[in-house]
Amino acid sequence: MTAVTASTRGVVDLVFRAREASIVAALAVLVAVTAGANGNFLSTQGVKDIFLNAAILALLAVGQTFVIITRNIDLSVGSVVGLVAFTVGGFLAADHGRGVLLAVLLGVAIGALCGIVNGLLVSVGRVPALVVTLGTLYVIQGVDHYIAHGRQINAVDLPPALLSLGNGSVLGVPYLPLIAVVVMLAVGFYLRSYPSGRDFYAIGSSPEAAGLAGVPVRRRVMAAYLLSGALAGLAGVLWLARFGTVVADAANGWELQVVSAVVVGGVAITGGVGTVYGAALGALLLTTITSALVVLRVDPFWQQAITGALLLLAISVDRLLALRVARILRRRNARHGS
Amino acid sequence: MTESDDRTGTAVPVLALTGVSKSFGAVRALRGVTLELYAGEAHALAGENGAGKSTLVKTLSGVHRPDTGQVLLDGRPVEFHGPADAQAAGVAVIYQEPTLFPDLSIAENIFIGRHPRVRLGRIDRDRMHASTAELFARLGVPLDPRQPARGLSIADQQLVEIAKALSREARVLVMDEPTAALSGAEVARLFAVVKALREQGCAVLFISHRLDEIFELCQRVTTLRDGAWVASEPVAGLTHDDLVRRMVGRELDALYPKRGTVPGEVALKVHRLTREGVFTDVSFEVRRGEIVALAGLVGAGRSEVARAIFGVDRWDAGWVEVDGRLLPPASPTAAMSAGLALVPEDRRQQGLVMDQSIERNIGLTGLRSLRRSSLGPVISRAAERDRARDWAIRLRLKYNRLSDAVSVLSGGNQQKVVLGKWLSTRPRVLIVDEPTRGIDVGTKAEVHRLLSELAADGMAVLMISSDLPEVLGMADRVLVMQEGRLTADIPRDRATEESVMAAATGRAA
């Protein structure tokens, strides 16, 4: 009896840990194969580029994980990045005396505001998240285009301090991935180790039961959107810092990449399951694939198709594993139930 | 009649409702209801479906706030602004379908919202697992605190809920039909746990449609009818008939109005049907005019046999004949056109489209015959409505409008809609899986009358049921399954509780 229980726990644990491990394995294979075909792939610049690109995606994925774990979705993040990048760019271009910290705060505040709008509509208005954030995706994009009016922000207009945030490094580690890792670790620790962090999983696992158990569902869903928006705001500032040149439709369509990264990273789209570590690894994997395909001179069309195929693979594997785990648990229960 | 208990004078009830009313739109769910729960006493709440029991439970648990009247805790009025308030006051509710988080571990399910913590507010997982193991040891339940709740049987899920109540040191335990989906052994284990809690001074409110259970577990009973309080009285001295009369408000027609019929030719023949790991070598026949019960413990494979016959699941060996013609495997469409109908066990998940109207639900099985011939594959709304009205009358359905969503109907009336949906296909063989589970006595008698009439008209009926009195009262023959095998075929005159249970549990009869 105890032997059965212990082995069941082993299997279940393994399945959930296996996701992070298998992403790392996939990354290793991908890097090895690509580097074998083209030595430049592992050049210092090449690796740095991958991490710089992955950092912004990973930040967004961490925010998105929060939302998806509560069985919701935030499709507006790409638009928020675009809006923040442009407005903060304009803000800094207008007066070079304005500091980087102020810019970051402004960006996070704008993102948080967008998050609050999403959160209110979803949690208080009880409108399905898909519809709400699809709506705000277009609304925010529209606002961005209105503000931009066809202009663009150029790197020369921006203070050098900001640009060095995007491309500089400390002890050889670029700032961007450092920020992403710090945020990921903080959020991951919070979600796992704090009672309020566990509420998010409870809500996604069974919204009805969460309400009955006295979990403040609305407040937590609100918080998830707030955090997703704030991180998208931060990502917007980092985007500006990294690319310098920004037009109104920056980060257009990124929301789908973010959701892909999160799902590939093992966060269940139906809520309740997954970690920010997995999501961030998913972001790194997707970015690496894109870079590898460029290095391998694969047609850009295939890059998207491969991302899509990977998504389908991840979801199929999840489904298969879920069925297998369910079967194991059922067998175990049959044994001690009757 | 109602103030015979001297306790009422001396002790203060732990939790009480006085003159509570609650309306939802035009529906008055509760009208001036009074209820008193005392420490160390198990109190039953009886009433038909729609009598207001669930609304009352939700008022106690803080989900609903009363329109008028008061909730009293230790004699002092309180207001619960939500489930969290009620929990903080020591009220634990166990719903019919347990409300666990499938993705969280069992221990987290128990401690959600009140995790033990270490410094800086972090969760103390070791302590959480140890406390959970301790709770399970007290309850005598062999469950692993670290296992996810997904995959637990309903019985185990309820025990997790009880452990949760225990860990909160709940003073009031409210159980809303906890036994509806449990087997006999599981009910016994549950009752042992509840009795122990009661003896430790917990007040228990127990809801069940099985009157035997009320008599076994409870000391007092409050009866509701149509949202109004009827009586509160000690259970001792009451008879089943008294209780039924209070619930129904009239003398009940016979609960098992079985008419004698002469079985005709074989309508359904199942030969050595096997689905690996689920059921093995199952053979039986059902004749026209016959009601054959398929009895056994929950998990014996009865529903699975029904699903295979109807083609929902495939089978690995054997064959099925309807009216002498072989049925192709795994095709519900072929089964339907051969004249089979399956009324599934879980009406909410498998039997109904809850958000759609009564007429749509009834029409769903006959979309082809509802076509307007001149327009090709276009459904005639008028024909759909006519059919629904026809069946609503025959089944004595209680409804407002046929265009209402079935989700607003009570459980018994929902079951009638599922029956109507399948009977409107005019089946030759009807398979019903737990046709009266969770239905009040009044509706139960109506369903039995209907099955009896259908058999008298020459339909072959296969009835899966865990309700032994129903099996014995309704069936011409009783088939018993145990662990995936058919272990007995008992004719009506030799079927007794003992002979059926012996075959179901594998003890020699």
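**A six-strand sheet in chain B and the fold of chain A**

Mentor: In this predicted model, chain B holds an open sheet of six strands with mixed pairing, and their order is β16-β17-β18-β13-β19-β20.

Trainee: What makes β16 and β20 of chain B the edge strands?

Mentor: Strand β16 (340–343) and strand β20 (485–491) of chain B each pair on one side only, and that places them at the edges. From one strand to the next, the twist averages 20 degrees.

Trainee: How do you know that β13 and β18 of chain B pair, and in which sense?

Mentor: Pairing requires at least two bridges between the strands, and β13 (residues 291–296) and β18 (residues 460–464) of chain B are joined over four bridges, in the parallel sense. As one example, B:Ala293 has B:Met463 in β18(B) as its bridge partner.

Trainee: Which helix packs on this sheet, and which strands does it touch?

Mentor: Helix α10 (residues 302–310) of chain B packs there, touching β13, β16, β17 (429–433), β18 and β19 (477–482) of chain B, and the direction of α10 makes about 145 degrees with that of β17(B).

Trainee: Turning to chain A, how many helices and strands does it have, and why is it called as compact as a globular protein of its length?

Mentor: Chain A has 13 helices and two strands. Its radius of gyration is 21 Å, whereas the globule rule gives 20 Å for 338 residues; the two values are close, so chain A is as compact as a globular protein of that length.

Trainee: What percentage of the residues in chain A is buried?

Mentor: A residue is buried if 20 or more other C-beta atoms lie within 10 Å of its own, and buried residues make up 47% of the 338 in chain A.

Technical notes: Residues numbered from 1 in each chain as written. Chains lettered and ligands numbered in written order. Predicted model: local features only at pLDDT ≥ 70, side-chain atom pairs only at ≥ 80, totals over all residues. Axes fitted to C-alpha atoms, helices over the stretch in contact; angles between N-to-C directions. Contact = placed C-beta atoms within 7 Å. Rg over C-alpha atoms; globule rule 2.2 N^0.38 Å. Buried ≥ 20, exposed ≤ 12 C-beta atoms within 10 Å, placed from the backbone.
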